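Q: I'm new to this one and would like to learn how to read it feature by feature. Could you walk me through it?

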Amino acid sequence: MMSVTDNLLGNVFGIYLARATDEEILKRKVASGGAVTALLAYALEKGIIDGVVTAKRTEGLEGQAVVARTREELLETAGNKWSIVPFASRMKAKIEEEDLKNVAVVCLPCQAQFFGQMRDFPLLESDFGERIKYIVSLFCIGTFAFEAFLNYLRMKHGIMAQDIKDIALKGDFLEIYHGDSVLSLPIKEVYSYLQAGCLVCTDYTGTWGDISAGFVESEKGWTVLITRNLKAEELVKSAEKDGYIELRDGSHVIGDVLKAAREKLARAQKNMMYLL
């Protein structure tokens, strides 16, 4: 395990820059290298897991929880999501309906904490935590209260929900891809439309995950992967060995990740002051 002096990132076994080798995966990604999709495709095709619970964007900022059991189903879920999708009830139902034994969950830091506690400290014998093999948490600055945010986009910028093709974070700006145009909004201008819980959340990377994934502006086209235990490390290295992903040492970007983590912590501390 590598030494990290700031506990904002939790346990860090390894930190890498990764990129999918599959061109079909790469062409579906906007900002990162598609490594999460490639890693999970590897786990599915090698029989390491039998399903992936993740979110799929439907229209505007809305999404739904889905279970992908094949590479093709997984590809349909690729891309950015900016609203939180309730997983727990959907996940439990799908696990029981499809008799899944080993699933990977792709989620946000708040959800990673919920699933991590359920897996590691189950309260009930009926809990399904023992079937969660991997928790993959995505870096997160927060999710939008989508009705309020969509109303803001419609009233101030004339953008309708059905016209939104994608949303991506580029430095200090949020880019809204709609029709044939792109609207760049200063991220601080839209903070007020984040979910209230996100405004006081201190976890940027998802410290309860087995793997955390995101991107940094200084390494466009690559996914930052943080492995947090031996099991996660072995999965990443095996996927590289079998040609599903390219890997580079990512220790030089840890400062960028910490900077974003500290900014989220500072925002949470500031907002907590208003609640006390």
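Q: Let's start with one residue: is I159 buried or exposed?

A: First, some ground rules. This is a predicted model, where local features need pLDDT of at least 70 and side-chain atom pairs count only at pLDDT 80 or more, while totals for chains, interfaces and linings use all residues. Residues are numbered from 1 along each chain as its sequence is written, and side-chain values use heavy atoms, with hydrogens and water left out. Now the general idea: a residue is called buried under 20% relative accessible area, exposed over 50%, and partly exposed in between, using a 1.4 Å probe and protein chains only. I159 has a relative accessible area of 3%, so it is buried.

Q: Where does I159 lie, and which residues does I159 touch?

A: Helices (H or I, at least four residues) and strands (E, at least two) are DSSP runs, numbered from the N terminus. I159 belongs to the loop that joins helix 6 (146–157) to strand 6 (164–170). A contact means heavy atoms within 4.5 Å. Leaving aside residues up to four places away in sequence, I159 touches L150, L153, R154, I164, I176, H178 and L183. As for G179, it is 20 residues from I159 along the chain, and their C-alpha atoms are separated by 9.1 Å.

Q: In what order do the strands of the open sheet with strand 6 come?

A: Two strands pair if DSSP finds at least two bridges between them. Here three strands form an open sheet in the order 6-7-8, with antiparallel pairing. Strand 6 and strand 8 (181–186) are at the edges with a single partner strand each, so one side of each has no neighbour in the sheet. For angles, axes are lines fitted to C-alpha atoms (for helices, over the stretch in contact), and the values run from 0 to 180 degrees between N-to-C directions. Ignoring direction, neighbouring strands of this sheet are turned by 20 degrees against each other on average.

Q: How many bridges join strand 6 and strand 7, and what lies across the strands?

A: Strand 6 and strand 7 (residues 173–178) pair in the antiparallel sense over six bridges. One bridge to look up is that of K170, whose partner in strand 7 is F173. Helix 6 lies across strand 6, strand 7 and strand 8, and runs at about 110 degrees to strand 8.

Q: How many residues of strand 10 are buried?

A: Five of the five residues in strand 10 (residues 223–227) are buried, so the strand is mostly covered. T223, L225 and T227 point one way, V224 and I226 the other way, and all are buried.

Q: Which strands pair with strand 10?

A: Strand 1 (residues 14–20) pairs with strand 10 in the antiparallel sense over five bridges, with Y16 standing opposite L225. Strand 9 (residues 211–214) also pairs with strand 10 in the antiparallel sense, over four bridges. There, I211 has T227 as its bridge partner.

Q: How many disulfides are there?

A: A disulfide is a covalent bond between the sulfur atoms of two cysteines. The rule used here asks for a pair of cysteine sulfur atoms within 2.5 Å, and the count comes to zero. C107 is in no disulfide, and the nearest cysteine sulfur, that of C110, is 8.0 Å away. C110 is in no disulfide either, with the nearest cysteine sulfur, that of C201, 6.2 Å away. C107 is buried at 2% relative accessible area, whereas C110 is partly exposed at 41%.

Q: How many aromatic pairs are there?

A: Rings of Phe, Tyr and Trp (its six-membered ring) pair if their centres lie within 6.5 Å; planes under 30 degrees apart count as stacked, over 60 as edge-to-face and the rest as tilted. The count comes to eight aromatic pairs. One of them is Y42 with Y244, edge-to-face at 5.0 Å centre to centre and 70 degrees between the planes. This pair links distant parts of the chain, 202 residues apart, and both Y42 and Y244 are buried.

Q: Which residues form one aromatic cluster?

A: F144, F149, Y152 and Y193 do.
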